[in-house]
Amino acid sequence: MNLHFKKIDISEMVSIGGIKQHIMVRGNPQNPIILFIHGGPGIPYSCISDCFQEKFEQDFLVVNWDQRGAGKSYNENIPIDSMNLEQFIIDLMEVVDYLLNTYKENKLFLSAQSIGSVYGLMSVHRFPDKFYGYISTGQIVDTIENEKVSYNLIFNEAKKLNNTEAIKELSEIGNPPYKDMIHDIGIERKWLSILGYIEKNFGVFEYISNNCTREELDIIMKGQEFSVNHLFADIYENGINFFETIKDIKVPVYFCMGRYDYVAPQILTEKYCETLECPTKKCIWFENSAHFPELDEPDKFYQVLLEILHATIDKK
């Protein structure tokens with residue numbers, strides 16, 4: 001850690017995948033790069049980075065990318081047919097190449113969250129030579145099984161609490177696969193949020209609402225709706241099952257798992273990790289976290305990143 005580094009703080013629009021996309025770079029340019037892939041879909045890290053990433057900037061060059069259709073990368077002219085999984089992998093790798101070329105590095109660390117962990121893991125699997133390692137929070141490994149387990153967990157919790165309103169609404173949408181995917185998942189996620197199984201100690205939307213201007217908030221919400229309706233729909237309608245499609249990865253993999261995560265139940269991630277073949281793999285439980293360990297327990301997440309960094313540097 002260099003406490004006397006010359007910090008850079010850059011916010012720029014870069015041509016990625018044929019459209020302008022927002023990239024924010026902070027920290028010491030002499031340090032290894034860590035690129036954060038946000039989830040949501042459509043909720044960028046760039047608008048909440050101040051609350052948990054400042055420490056990281058002492059040890060990494062920290063990069064937040066507002067993905068296609070999200071945050072400052074949102075505009076009404078983005079082609080709907082470009083909001084698909086393969087395009088996001090193309091975009092991600094263009095961002096990676098842009099960063100490696102700009103800062104004269106050969107590799108970087110990738111940290112991906114929730115829906116971002118889908119194309120994050122796929123990118124690391126396809127292009128391992130570009131990455132030191134992969135760190136995820138709220139990893140999704142099997143969309144069909146994910147929704148079945150998530151629904152059963154929250155429905156049983158509602159019955160345990162005798163929450164009649166939750167029981168009624170969850171009974172109405174029924175067990176997955178859902179008849180009206182976007183609407184029904186929205187109902188299920190509403191109860192996950194109310195009962196504390198999305199966020200445990202940190203409120204993402206509360207923070208954004210209190211720290212963004214009205215104009216910024218309006219763009220973020222438009223981008224989220226656009227991303228849910230098109231990217232999320234594309235991924236969940238087509239489905240992913242990494243148990244079948246990604247059985248080995250040629251870089252170290254670290255799954256940071258919230259004990260109370262019912263959005264992407266981490267018992268599935270733990271099971272996947274057991275079968276995955278890679279140079280190093282580790283499941284790290286965050287006992288006081290739900291779907292956002294990096295936000296619910298930021299100090300622990302920082303320590304995990306430092307351990308990964310030091311393990312990587314020692315091997316170089």
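Where is the place of Asn 238? The exercises below begin with this residue and work on a predicted model.

**Exercise 1. Locate Asn 238, classify its exposure, and relate it to Gly 138.**

Step 1. Asn 238 has its place in helix H7, which runs over 214-238.

Step 2. The relative accessibility of Asn 238 is 62%, and because exposed means over 50%, Asn 238 counts as exposed.

Step 3. Gly 138 stands 100 residues apart from Asn 238 along the chain, and the C-alpha atoms of these two residues are separated by 20 Å.

**Exercise 2. Describe the largest pocket by its volume, its lining and the helices that contribute to it.**

Step 1. Begin with the general idea: rolling a probe the size of a water molecule over the atoms shows where empty space is left. For the largest pocket, the volume comes to about 720 Å³.

Step 2. The lining of the largest pocket consists of 33 residues, and those that lie nearest its centre are Gly 40, Pro 41, Arg 189, Phe 205 and Gln 224.

Step 3. At least two lining residues each are supplied by helix H5 (181-194), helix H6 (204-211), helix H7 (214-238) and helix H10 (293-296). The largest share of the lining, 6 residues, comes from H7.

Step 4. Sorted by character, the lining holds 18 nonpolar, 11 polar and 4 charged residues.

**Exercise 3. Find the cis peptide bonds at Pro 41 and Pro 177, and place each of these prolines in the chain.**

Step 1. Between Gly 40 and Pro 41 the peptide bond is cis, with omega near -10 degrees. Pro 41 belongs to the loop between strand S3 (33-37) and strand S4 (61-66), and both Gly 40 and Pro 41 are among the residues that lie nearest the centre of the largest pocket.

Step 2. Pro 176 and Pro 177 are likewise joined by a cis peptide bond, for which omega is about 5 degrees. Pro 177 is situated in the loop between helix H4 (164-173) and H5.

**Exercise 4. For Lys 104 and Asn 162, give the sign of phi, the loop and the exposure.**

Step 1. Lys 104 is a residue other than glycine with a positive phi, near 55 degrees; the loop that holds Lys 104 lies between helix H1 (85-102) and strand S5 (108-113).

Step 2. The relative accessible area of Lys 104 is 70%, so Lys 104 is exposed.

Step 3. Asn 162, which is not a glycine either, has a positive phi of about 55 degrees, and the loop in which Asn 162 is found links helix H3 (143-161) and H4.

Step 4. With a relative accessibility of 56%, Asn 162 counts as exposed, because the cut-off for this class is over 50%.

**Exercise 5. Determine how helix H3 is oriented against H5 and against H4.**

Step 1. Two packed helices are described by the angle between their axes and the distance between the axes, and these two quantities are therefore taken up for each pair in turn.

Step 2. H3 packs with H5 at an angle of about 45 degrees, and their axes are 10 Å apart. This makes H3 oblique to H5, and the crossing of the two helices is left-handed.

Step 3. For H3 and H4, the axes come within 9 Å and cross at roughly 150 degrees. Because angles over 145 degrees count as roughly antiparallel, H3 and H4 are roughly antiparallel to each other. The crossing of H3 and H4 is left-handed.

Technical notes: Residues numbered from 1 in each chain as written. Predicted model: local features only at pLDDT ≥ 70, side-chain atom pairs only at ≥ 80, totals over all residues. Heavy atoms only, no water. 1 Å grid on protein atoms, 1.4 Å probe; cavity = no way out; pocket = protein on both sides within 12 Å on 5 of 7 lines; lining within 4 Å. Points joined across faces, edges and corners; volume = space filled by probe spheres on them. Helix = DSSP H or I, 4+ residues; strand = E, 2+ residues; numbered from the N terminus. Nonpolar A, V, L, I, M, F, W, Y, C, P; charged D, E, K, R; others polar. Buried < 20%, exposed > 50% of the residue type's maximum accessible area, 1.4 Å probe, protein only. Axes fitted to C-alpha atoms, helices over the stretch in contact; angles between N-to-C directions. Parallel < 35°, antiparallel > 145°, perpendicular 65-115°, else oblique. Left-handed = near helix turned anticlockwise from the far one by under 90°.
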